[in-house]
Amino acid sequence: MREVTGSKYNLFMVEEPYSEDPDPRGGPRVSFALLRKEASEPKDTTLWQFVIALILFIVTSGSCLELGIASQLSKLPPEMVRYFTNPEAAEAPDLNTLAPLVGSAMPLTYGVLGVQLFHEVGHFLAAARKKVKLGIPYFIPNITLGTFGAITQFRSILPDRTAKFDISLAGPLAGGLLSFAMFGVGLLLSMSPEAASDSVQVPSLLFQGSLLLGYLSESVLGYNAMHAATVSVHPLVLAGWCGLTTTAFNLLPVGCLDGGRAMQAAFGKGSLTAFALCTYVLLGLGVLGGPLSLPWGLYILICQRDPERPCLNDVSEVGNWRQGAFAVTLMLVVLILLPYWDPLTDDLGLDLGASLI
């Protein structure tokens, strides 16, 4: 068919959308679609899209800086705190005292923003290896995590489901590994007296937001420290925490998220529909992601709800080891986004109170 149609058409091989029975020869029933290239291929990035992407990156950098400054509020001078919290305060303090605060906020700012840039580099490197073009990333700001990640579109048709799977998971893998390294190093530095001057005070409730990360934090910092009103941690802990949480959200099997693309590639569009419905229910109930479940669910519905368009070969499977790797990834995602609370850890046999100081 390709030889007959030449270079003016794209030939798609897809599963029959309304077929209930498999092919008698094995595998799904297959349909072929022949579309003109100008109608089937994605459009090039326009100048306005570059402008919007630049504006979103600047706003996202600001939200990451705001997150870094918020982590330093406990170090504000008393007169500065009184001025911002007491409506009757008339005399403005010396705002030059905020300059060191901004400087102290930069490690967390760079860490959160660096994870997302590393995430996008992972996508682009995998896409270059598969000879697939990607569009410019549109970063999404968020005041709680610094950023919700980025929307990156394919600017060429994917050759097969394996390419879709590898490109989709390359970004979360790169960002997740960097985030976990920051998180682990930050926990170790939090126990070091030499790094005490760089530590920040955060509410212990923060660590109740993730079963996996809360358990790891308690195993390193100790039961008593984790159950105080505030916990002193290195900024790298917060950067790693935010990066891992954002990565886990982006790996949920919904729409055009990295997890949705990987689910569609690994198990097919039918599996994506079923898992997406379960994900929406869990987000709606607040089971996954806690307070961030509602804003994240709205973000998906507005920006990322539609599944990815088919590949040229949308039938050939990705193989068992890729399917198994994604199944393990989903389990880690659930452990990160499930809340951490003492009754649950007691039931799972993870209570560290008796063994750790």
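R322 is buried, and D166 is buried too (buried means under 20% relative accessible area, exposed over 50%, and partly exposed in between, using a 1.4 Å probe and protein chains only). Keep those two in mind, as they come back below in a network of salt bridges with K130. This is a predicted model, where local features need pLDDT of at least 70, side-chain atom pairs count only at pLDDT 80 or more, and totals for chains, interfaces and linings use all residues. Residues are numbered from 1 along each chain as its sequence is written, and side-chain values use heavy atoms, with hydrogens and water left out.

**Salt bridges**

- The structure holds 3 salt bridges; the term covers a side-chain nitrogen of Lys or Arg within 4 Å of a carboxyl oxygen of Asp or Glu.
- R322 and D166 make one of them through their side chains, at 2.9 Å from N to O.
- That pair ties together distant parts of the chain: R322 is in helix α13 (residues 320–337) and D166 in helix α6, 156 residues apart. Helices here are DSSP runs of H or I with at least four residues, strands are runs of E with at least two, and both are numbered from the N terminus.
- D166 also has a salt bridge with K130, and here the closest N and O atoms are 3.3 Å apart.
- This pair links distant parts of the chain as well: K130 sits in the loop between α5 (98–129) and β3 (138–142), 36 residues from D166 in helix α6.
- K130 counts as partly exposed because its relative accessibility is 25%.
- The side chains of E15 and R161 meet in a salt bridge too, at 3.7 Å from N to O.
- E15 belongs to strand β1 (residues 9–15) and R161 to helix α6, so to speak a link across 146 residues.
- Are these two partners buried or exposed? E15 is partly exposed, since its relative accessible area is 37%, while R161 counts as buried because its relative accessibility is 4%.

**Helices**

- Helix α6 (residues 161–190) packs against helix α9 (residues 235–250) at an angle of about 150°, with the axes 7 Å apart. The axes are lines fitted to C-alpha atoms, for helices over the stretch in contact, and angles run from 0 to 180 degrees between N-to-C directions.
- α6 and α9 are therefore roughly antiparallel (angles over 145 degrees get that name, under 35 is roughly parallel, 65 to 115 roughly perpendicular, and the rest oblique).
- Helix α10 (residues 258–267) is mostly covered, with 9 of its 10 residues buried; among them are D258, R261 and M263.
- Right after α10 comes G268, with a positive phi near 100°.

**Out on the surface**

- L47, W48, F50, V51, I55 and V59 form a nonpolar surface patch, with about 650 Å² of accessible area together.
- Patch members need over 30% relative accessible area and no salt bridge; like charges are joined within 9 Å, and nonpolar side chains (Val, Leu, Ile, Met, Phe, Trp, Tyr) within 5 Å. The areas come from the Shrake-Rupley method with a 1.4 Å probe, and for residues only the protein chains shown count as cover.
- F50 lies in helix α3 (residues 47–70) and counts as partly exposed because its relative accessibility is 41%.

**An unusual phi**

- Most residues other than glycine have a negative phi.
- K131 has a positive phi near 60°, and K131 isn't a glycine.
- K131 is in the loop between α5 and β3, and counts as exposed because its relative accessible area is 78%.
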